[in-house]
Amino acid sequence: MSGGTLDGCVISNSYSSVYYSYFSSMGIGAFLAGPGAVLKNSEITRNLGAQASHEYRHQGVGVYVAAGLVQTCRISFNDGSGPSQDVPWHPKGGAGVWIDSAGTVENCLIMGNRLKNTGYKSGGA
């Protein structure tokens, strides 16, 4: 989303299996792309990124924040551990949240998110 507010939503069980797609591997649960985008009081859980190629690695399986605000959300049990090749010069990280240059996350619970074959960038957030 590039603007507007999602308030009190449950975003779950989204799945990406597109092998060669840059954007399909980012923000499988939610993708915030504009400074006016707000996701608040929501739960983002059990989203799955599978079959990422070595060129397009999962970033922000739960939430990818390029710009905007994620506030008072629970981001849990998102999984970017689908079968993929481990090539360390292609980043993969932030199973729960990936924050790009202009995003903000505040007062959120980020827990139980998972990656494997992370190369050099990894983590729950």
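How much area does the chain expose, and what share of it do carbon and sulfur atoms supply? In this predicted model, the chain exposes about 5,700 Å², and 51% of that area is supplied by carbon and sulfur atoms. Of the 125 residues of the chain, 44% count as buried.

The secondary structure consists of 10 strands and zero helices. Read from the N terminus, the order of elements is accordingly β-β-β-β-β-β-β-β-β-β. Contacts within the chain reach far along the sequence: among those between residues at least 6 apart, 83% join residues at least 24 apart.

Confidence varies along the chain. The mean pLDDT is 80, and 69% of the residues reach 70 or more. Over residues 87–91, pLDDT stays under 50; for this stretch the model has 12 contacts beyond four places in sequence. Where pLDDT is low, the predicted coordinates should not be read in detail.

Strand β4 (30–40) contains Pro35. This residue is exposed, its relative accessible area being 77%. Apart from neighbours within four places in sequence, Pro35 is in contact with Ser2, Ala67 and Gly68. A further pairing in space is that of Pro35 with Gly103: the two are separated by 68 residues in sequence, whereas their C-alpha atoms are 7.9 Å apart.

Two residues other than glycine are notable for their backbone angles. Most residues other than glycine have a negative phi. Asn41, in contrast, has a positive phi, near 50°. Asn41 is located in the loop between β4 (30–40) and β5 (43–45), where it is partly exposed at a relative accessible area of 41%. Thr72, likewise not a glycine, has a positive phi of about 50°. The loop that holds Thr72 runs between β7 (63–71) and β8 (74–76). With a relative accessibility of 41%, Thr72 also counts as partly exposed.

The structure holds zero disulfides. Cys73 takes part in none, the nearest cysteine sulfur being that of Cys108 at 4.7 Å. For Cys108, in turn, the closest cysteine sulfur is that of Cys73, and the separation of 4.7 Å is too far for a bond. The cut-off for a disulfide is 2.5 Å between the sulfur atoms, so the pair does not qualify at 4.7 Å. The two cysteines also fall into separate classes of accessibility: Cys73 is buried, with a relative accessible area of 3%, while Cys108 is partly exposed, with a value of 21%.

One salt bridge is found in a search of the whole structure. Its partners are Arg114 and Asp79, whose closest N and O atoms are 3.0 Å apart. Arg114 lies in the segment after β10 (109–111) and Asp79 in the loop between β8 and β9 (97–106), so the salt bridge ties together parts that are 35 residues apart in sequence. The two side chains belong to residues of unlike accessibility: Arg114 counts as partly exposed at 46%, whereas Asp79 counts as buried at 17%.

Asp79 also has a sequence-distant partner in Ala50. The C-alpha atoms of Ala50 and Asp79 are 8.4 Å apart, although the two residues are 29 apart in sequence. Ala50 is placed in the loop between β6 (48–49) and β7. With a relative accessibility of 6%, Ala50 counts as buried, as does Asp79.

On the surface, a nonpolar patch is formed by Phe77, Leu109 and Met111. Together these residues have about 230 Å² of accessible area. Met111 is found in strand β10, the strand after which the segment with Arg114 lies. At a relative accessibility of 30%, Met111 counts as partly exposed.

Technical notes: Residues numbered from 1 in each chain as written. Heavy atoms only, no water. Helix = DSSP H or I, 4+ residues; strand = E, 2+ residues; numbered from the N terminus. Buried < 20%, exposed > 50% of the residue type's maximum accessible area, 1.4 Å probe, protein only. Salt bridge = Lys/Arg side-chain N within 4 Å of Asp/Glu carboxyl O. Patch = residues over 30% accessible without salt bridge, like charges linked within 9 Å, V, L, I, M, F, W, Y side chains within 5 Å. Areas by Shrake-Rupley, 256 points an atom, 1.4 Å probe, with all protein chains shown as cover. pLDDT = per-residue confidence, 0-100. Contact = heavy atoms within 4.5 Å.
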